[in-house]
Each structure stands twice: as C-alpha cells, then as structure tokens.
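Me: Please begin with one part of this model and look at it closely, then connect it with the rest of the chain. I am a first-year student, so please explain each term when it appears.

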Amino acid sequence: MPPNDETRGSFSRLFSRLGNPLDWCAADKSAFISIPLALYIVLSFFILPRVDEYRAHLSEFDFTVLWYVDTWRKWTAVLWTALGAMALSLRRRYPESKTWYHAVSQLWALTFAPICYALGATTTSTLGFAVMTGALGGILLIGWIPTLLGMVTFSTLSLGADLAAYYGKIPYAPAFQRLAIGKDGKIQGSWLLTNWILVGIGAGATLVVFGYIFDRWRDREERLAEAQVLLGASHERLEKATGLIRRYVPGQLADEIISGNYAGQKHERKQLTIFFSDIQGFTQASDQLDPERLAGVLNEYLSEMTRIAVKHGGTIDKFVGDALLVFFGAPSALPEKEQALRCVRMAVEMQARMKELGKKWYDEGIQTPFQIRVGINSGTASVGDFGSAERMDYTAIGTQVNLAARLQTHCEPGKILLSHSTWGLVHHDIPCAPKGEVQVKGIHYPVKVYEVEG
C-alpha cells in the first residue's frame with residue numbers, strides 16, 4: 001500500500017531536520033558513517049548464530065579461524081562506535097578536521113581487509129561489496145584523498161595476503177578447510193549463504209543511505225539551479241542599477257555605496273584640490289543653435305570631460321549647465337601633491353581634447369568657437385552629504401571651493417589658472433608662469449595666480 005500524505009509529510013519533516021549530509025561538517029559526516037557501520041556489524045551477530053547451526057553440519061569451515069574473524073569484527077564494532085562517539089563529542093571543537101576523514105577511511109580498510117582475507121580475497125563477494133560501498137560512500141562524503149588513501153591500505157593488505165598465499169607463506173582463505181569451490185567445480189552452498197546474507201543486509205542498508213543522500217543531493221541541485229536563475233536575474237538588475245547609480249553620483253562614492261562601506265550623512269574637513277571649468281561663448285551659441293543640436297553638443301562635451309576626469313581619478317561633483325566641478329581627495333583620500341598633480345594633468349588633457357572638439361564642431365557647421373576656462377585651487381573644504389532626508393547631494397562646500405570658481409572667471413579662454421596653494425604643489429613637475437594678483441569676490445585679500453604653460 002503506497003504511503004499516504006501524512007507519512008510522506010513525516011518523512012519530509014524528518015529529512016528537513018536532518019538536512020543534507022553533503023552539507024554537514026567533517027565530524028558529523030564521520031559520525032554518520034561510523035555509527036551505522038557499528039550497528040551493521042553488531043546486527044550481523046544476531047544473524048550468524050543461525051548460520052552457525054547450518055555450518056555445524058559442514059566440514060569445509062575452520063571454526064577456529066571464524067572465531068578470530070568474529071572477534072576482530074567485535075573489536076571493529078567497538079572502534080567504529082568509539083570513532084562515532086568522538087566525532088559527536090568533539091564536533092564543536094574540531095568540526096572540519098580532516099583527521100576524521102582519514103580515521104574513517106583507514107578503519108574501513110582495517111575492518112574489511114581481514115574479513116576478505118579470511119574468506120579468500122578473490123573468492124568472496126565481500127570484496128566487491130566493500131570496494132563498492134567504500135569507494136562510492138568515500139568519494140561522496142569524505143572526498144578523494146582520504147578515500148584514495150583508505151583504498152591504498154585496503155588494496156595493500158588484500159594484495160599482500162594474496163601474494164603471500166600464492167607463495168605459500170600463509171594459507172589462502174583460512175576460514176575454509178577447503179576452498180569454497182569443490183572438486184566438481186560448483187560453489188559451496190554454505191559459502192553463498194554465509195556471504196550473501198551479510199552482503200544483502202549491507203547492500204540494502206547502503207541503498208537506503210545512499211538513496212537518501214542522492215535524494216538530498218538532487219534536491220539541493222534543483223534548489224541551486226533555481227537560485228542560480230534568481231541570482232542571474234538579480235545580478236543583471238544589480239548591474240543595471242549600478243550603472244544608473246554611477247551616472248547620478250560620483251563613481252568612487254557609488255563603489256562605496258554598493259560595497260556597503262559608505263555610512264552616509266557625514267561631513268568631513270578634508271584637504272582637496274578643486275577644479276572648476278566653464279565654456280566661453282556657450283550662452284551666445286545657445287542663441288544660434290536649435291535646442292536639440294545644442295543638447296547634443298553639450299552632452300558630447302560633458303561626456304568627454306567626464307571620461308577624462310574618471311581616467312585621472314577625479315570625483316565629479318556636479319554639472320551646472322556647461323560648468324563642471326571636480327575635486328580630488330575625497331571620498332578616497334590622496335596625498336596633497338598627488339591630488340594636485342592629477343587635477344592639473346586632467347585640466348591639461350581636457351584643454352587638449354576641447355581643441356579637438358572645437359575643430360570637429362566647426363567642421364559640422366557650428367561657427368561659434370568653443371573654449372573653456374579653468375580655475376584650480378587647493379585647500380581645506382567641507383565634503384560629504386548635504387540636503388534633506390528625502391534628497392541628498394554629495395558635494396564640497398567652503399571658501400576654497402568658491403575660490404576655484406572665481407579663478408575660472410579670471411582665466412583666459414583655453415588656459416588653466418592656478419592659485420598659489422596649488423602652484424606650490426605642482427610647479428616642480430609642471431611649468432607655470434606667474435600672472436600677478438587678482439582680487440576675487442568673497443576673498444578679502446589679493447590672490448596670487450599662475451598659468452599653466454603649454
């Protein structure tokens with residue numbers, strides 16, 4: 001009669017509580033192997049007495065040797081029980097120790113090799129059963145290396161016994177007074193009865209255990225396949241979201257947000273180098289070009305400037321129409337000189353690229369010459385999140401930021417104007433020419449300025 005839904009539900013709950021043995025720790029797997037093997041050996045003692053009654057009428061068995069075999073089996077039952085108990089008791093202290101696996105594989109070899117020798121390594125079905133279950137269970141549960149070493153021990157003992165018997169050093173199949181194959185060429189019935197009862201019990205137990213493991217394995221693989229599909233879809237959505245985030249916030253900040261390292265809502269006083277640029281003649285061009293053409297030119301310009309800023313590691317603060325604000329030194333800190341050098345080299349590359357774009361646009365029919373003015377200043381500014389609970393902006397504020405913007409208004413088109421603080425950090429590496437002093441709005445003292453040459 002097939003199991004009803006309640007029975008299946010009970011098994012499902014039991015399996016769910018047990019989990020998948022493939023996912024257990026090394027200690028639990030060792031106990032999972034040891035305790036059933038100990039029970040199997042103990043169970044064999046309740047079956048063999050009836051076999052012994054049948055054996056009493058047979059002359060081919062050497063009962064003295066069988067007594068030694070049974071004694072050895074009793075000791076292995078004790079050893080398997082002890083190993084399982086140790087694995088359970090020490091599982092918290094040594095959950096993933098490989099010693100458990102090696103102990104299981106070697107004890108397995110020492111359990112079955114003597115029995116196979118007693119019954120004849122090449123004439124007993126126990127050999128095939130031991131190799132099959134040992135190899136299959138070992139590779140499945142404890143891995144290749146411990147299983148291979150256990151097989152080496154088992155094969156060495158079995159092959160050594162066969163060779164010693166071949167050369168007459170020890171008797172072959174000492175459990176039999178004469179070979180299990182009679183003179184008439186037929187296999188002795190008692191040999192079949194003795195071995196196949198035990199092998200049948202072991203094979204049945206193995207089928208149940210491995211069937212359960214493979215069922216859990218299949219269930220896990222199905223769940224993993226479903227998870228992979230969901231993960232793939234989630235990864236695709238995450239990549240799209242990441243791309244969108246990086247378009248609306250600075251790239252370095254986006255990386256920190258996505259990685260979970262950005263705490264947010266923090267304001268820090270940091271040493272920065274600030275870049276501010278504006279396009280000369282953009283207002284005039286906006287009156288001459290239709291909105292779509294103007295938007296295309298502006299987007300091309302900002303795309304190229306953004307690419308160069310990212311290349312040099314700058315943090316793009318904001319676009320204000322055709323104006324661009326970039327700073328170095330946050331969110332990732334940089335030495336003062338390095339941030340200043342990066343900023344000035346970025347500005348030089350931007351000016352060079354702007355000349356190429358101006359020629360390209362002129363060839364496309366735009367007669368207004370586009371040139372950018374650049375102001376750069378180094379100093380301490382407040383940088384972090386500013387705004388409301390609903391809308392935040394990662395930006396830098398302060399007098400030093402304003403100074404960079406003011407220097408831009410005093411810069412000649414196509415040139416780069418530096419404050420004295422930035423010049424002091426870069427003039428040993430980048431040639432600069434002094435341009436005197438300027439008075440800028442919001443600063444109550446004259447500011448020395450320098451122009452990048454070249």
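Reply: L149 is found in helix α6; helices are DSSP runs of H or I with at least four residues, strands are DSSP runs of E with at least two, and both are numbered from the N terminus. This is a predicted model, in which local features need pLDDT of at least 70 and side-chain atom pairs count only at pLDDT 80 or more, whereas totals for chains, interfaces and linings use all residues. Residues are numbered from 1 along each chain as its sequence is written, and side-chain values use heavy atoms, with hydrogens and water left out.

L149 counts as partly exposed because its relative accessible area is 38%; buried means under 20%, exposed means over 50%, and partly exposed lies in between (1.4 Å probe, protein chains only). Together with I139, W144 and I145, L149 makes a nonpolar surface patch of about 430 Å². Such areas come from the Shrake-Rupley method with a 1.4 Å probe, and for residues only the protein chains shown count as cover. A patch is made of residues with over 30% relative accessible area and no salt bridge, where nonpolar side chains (Val, Leu, Ile, Met, Phe, Trp, Tyr) are joined within 5 Å and like charges within 9 Å. Helix α6, residues 144-166, gives the largest share of the nonpolar patch, namely three residues.

From this patch, the view may widen to the whole chain. The protein chain has 454 residues, of which 42% count as buried, and its secondary structure comes to 13 helices and eight strands. About 25300 Å² is exposed by the chain, and carbon and sulfur atoms supply 60% of that area.

The interior comes next. The largest nonpolar core has 40 residues, and F275, Y301, M346, M350, F370, I376 and V426 have the most contacts inside it. A nonpolar core is a set of buried Ala, Val, Leu, Ile, Met, Phe, Trp, Tyr and Cys residues joined through side-chain atoms within 4.5 Å. Helix α11 (residues 336-363) contributes the largest share of this core, 10 residues. A second, separate core has 31 residues, including W80, V104, L140 and L141.

Y301 is in contact (heavy atoms within 4.5 Å) with S277, I279, D322, M354, L357, W361 and I372, leaving aside residues up to four places away in sequence.

W100, in helix α4 (residues 99-119), has a relative accessibility of 6% and is therefore counted as buried. With the same allowance for sequence neighbours, W100 touches A26, A27, S30, L83, M86, A87, L90 and Y94. One of these, L83, is 17 residues from W100 along the chain, and their C-alpha atoms are 8.4 Å apart.

The strands may now be considered. In β3 (residues 323-328), six of six residues are buried. A323, L325 and F327 point one way from this strand, while L324, V326 and F328 point the other way. Strand β1 (residues 267-280) pairs with β3 in the antiparallel sense over five bridges; two strands pair if DSSP finds at least two bridges between them. F276 stands opposite L325, and I274 has F327 as its bridge partner. β3 is also joined by five bridges to strand β2 (residues 315-320), and these two run antiparallel. V320 is the bridge partner of A323. The hairpin of β2 and β3 has two residues between the strands, and G321 takes a positive phi near 65° there. β1 further pairs with strand β4 (residues 371-387) over 14 antiparallel bridges, with E268 and V383 as one of the partner pairs.

Charged side chains complete the account. The structure holds 14 salt bridges, each a side-chain nitrogen of Lys or Arg within 4 Å of a carboxyl oxygen of Asp or Glu. D429 and K337 form one, with their closest N and O atoms 3.3 Å apart. This pair links distant parts of the chain, since D429 lies in the loop between α13 (420-426) and β7 (432-438), and K337 lies in helix α11, 92 residues apart. Within helix α11, E338 and R342 meet in a salt bridge of 2.8 Å from N to O. They are four residues apart in that helix, and so are separated by about one helical turn.
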